[in-house]
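Please open the model in your viewer and keep the selection panel at hand. The stops below are meant to be followed in order, each with something to select and something to look for.

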Amino acid sequence: MAVEVCVKGAVGAPDVLGDCPFTQRVLLTLEEKKVTYKKHLINVSDKPKWFLEVNPEGKVPVINFGDKWIPDSDVIVGIIEEKYPNPSLIAPPEYASVGSKIFPTFVSFLKSKDSSDGTEQALLDELKALEEHLKAHGPYANGQNVCSVDMSLAPKLYHLEVALGHFKKWSVPESLSHVRNYMKLLFERESFQNTKAEEKYVIAGWAPKV
């Protein structure tokens, strides 16, 4: 029986994969492990009755391995790792928090209307910390092979690149060469190409919040 995943449909085009980075993290993990899965695209502004019956909170992603629907991307990727241990995507505990503050600092900077409020510098500080980690341990978060940290960061860095490029004409500084190379490597992976939302849907997803 194929694994089933409920994912966000795109804003304004609910029959196309939407822009949820937490959903993409789950799909990337399945793709990297070559697990066969079936996607259910959920129109988040008009959620189907069957979806709310199996998942009353109505959040995506949720996954079903054959018996029940399970929410929360953190929980889901942990279960995928247990059920499908090869190839292993386990990160060393000391690397588990690498880049973990990039997404919240990106969101603060994206929403900021005041160029002197420190949000840009806060994001740059987090990206510089990632740069130092990759310089010492790269090209991925745990060396030559991808791990769970990369599965989490890849969608968030994609949102950062697309949304800040569109709304603020901002991009990762060239001085952060390891981060830029890291993003290029991640975005070129077949797993990423198979699971990313189109840029226009990422922009549409952020537009109401900016």
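**A loop residue to begin with**

Select Lys 169, which is placed in the loop between α6 and α7, where helices (H or I, at least four residues) and strands (E, at least two) are DSSP runs numbered from the N terminus. This is a predicted model, in which local features need pLDDT of at least 70 and side-chain atom pairs count only at pLDDT 80 or more, while totals for chains, interfaces and linings use all residues. Residues are numbered from 1 along each chain as its sequence is written, and side-chain values use heavy atoms, with hydrogens and water left out.

Lys 169 is not a glycine, yet its phi is positive, about 50°. Its relative accessibility is 69%, and Lys 169 therefore counts as exposed; on this scale buried means under 20% relative accessible area, exposed over 50%, and partly exposed in between (1.4 Å probe, protein chains only).

**Other backbone exceptions**

Move next to Asp 72, in the loop between β5 (69–71) and α3, which also has a positive phi, of about 80°, although it is not a glycine. With 40% relative accessibility, Asp 72 counts as partly exposed. As background, most residues other than glycine have a negative phi, and most peptide bonds are trans.

Two peptide bonds deserve a look in turn. Val 60 and Pro 61 are joined by a cis peptide bond with omega about 0°, and Pro 61 sits in the loop between α2 (49–54) and β4 (62–64). The bond from Gly 138 to Pro 139 is cis as well, with omega near 10°, and Pro 139 belongs to the loop between α5 and α6 (148–167).

**A buried histidine**

From Gly 138, step back to His 133, which is found in helix α5 (residues 119–137). Is this residue, His 133, buried or exposed? At 11% relative accessibility it counts as buried. If residues up to four places away in sequence are set aside, His 133 touches Tyr 95, Val 98, Gly 138 and Ala 141, contact meaning heavy atoms within 4.5 Å. For a sense of scale, draw a distance from the C-alpha atom of His 133 to that of Thr 23, which is 110 residues apart from it along the chain: the separation is 26 Å.

**Two domains and their interface**

Now colour the protein by domain, with domain 1 covering 3–83 and domain 2 covering 93–207; such bounds come from an automatic or database domain assignment. The C-alpha centres of the two domains lie 22 Å apart, and the contact takes 17 residues from domain 1 and 20 residues from domain 2.

The area buried between domain 1 and domain 2 is about 1,700 Å², with carbon and sulfur atoms giving 65% of it; buried area here is the accessible area (1.4 Å probe) that two parts lose on being put together, summed over both.

Which residues form a salt bridge with the closest N and O atoms 2.7 Å apart? Select Glu 32 and Arg 189 to see this pair, and note that the count between domain 1 and domain 2 is one salt bridge, defined as a side-chain nitrogen of Lys or Arg within 4 Å of a carboxyl oxygen of Asp or Glu. On the side of domain 1 that touches domain 2, the elements that give two or more residues are β2 (13–17) and α1 (21–32), and α1 gives the most, with nine residues.

**Further salt bridges**

A search of the whole structure finds nine salt bridges, among them one between the side chains of Glu 81 and Lys 33 (3.1 Å, N to O). Glu 81 lies in helix α3 (residues 73–83) and Lys 33 in the loop between α1 and β3 (37–42), so the pair ties together parts that are 48 residues apart in sequence. Both Glu 81 and Lys 33 are buried.

Select Lys 59 and Glu 57 next, whose side chains meet in a salt bridge at 4.0 Å, N to O; Lys 59 is exposed, with a relative accessible area of 54%, and Glu 57 likewise counts as exposed, at 62% relative accessibility.

End the tour in helix α7 (residues 177–188), where Lys 184 and Glu 188 both lie, four residues apart, about one turn of the helix. Lys 184 forms a salt bridge with Glu 188, the closest N and O atoms being 3.1 Å apart, and Lys 184 is partly exposed, with a relative accessible area of 49%.
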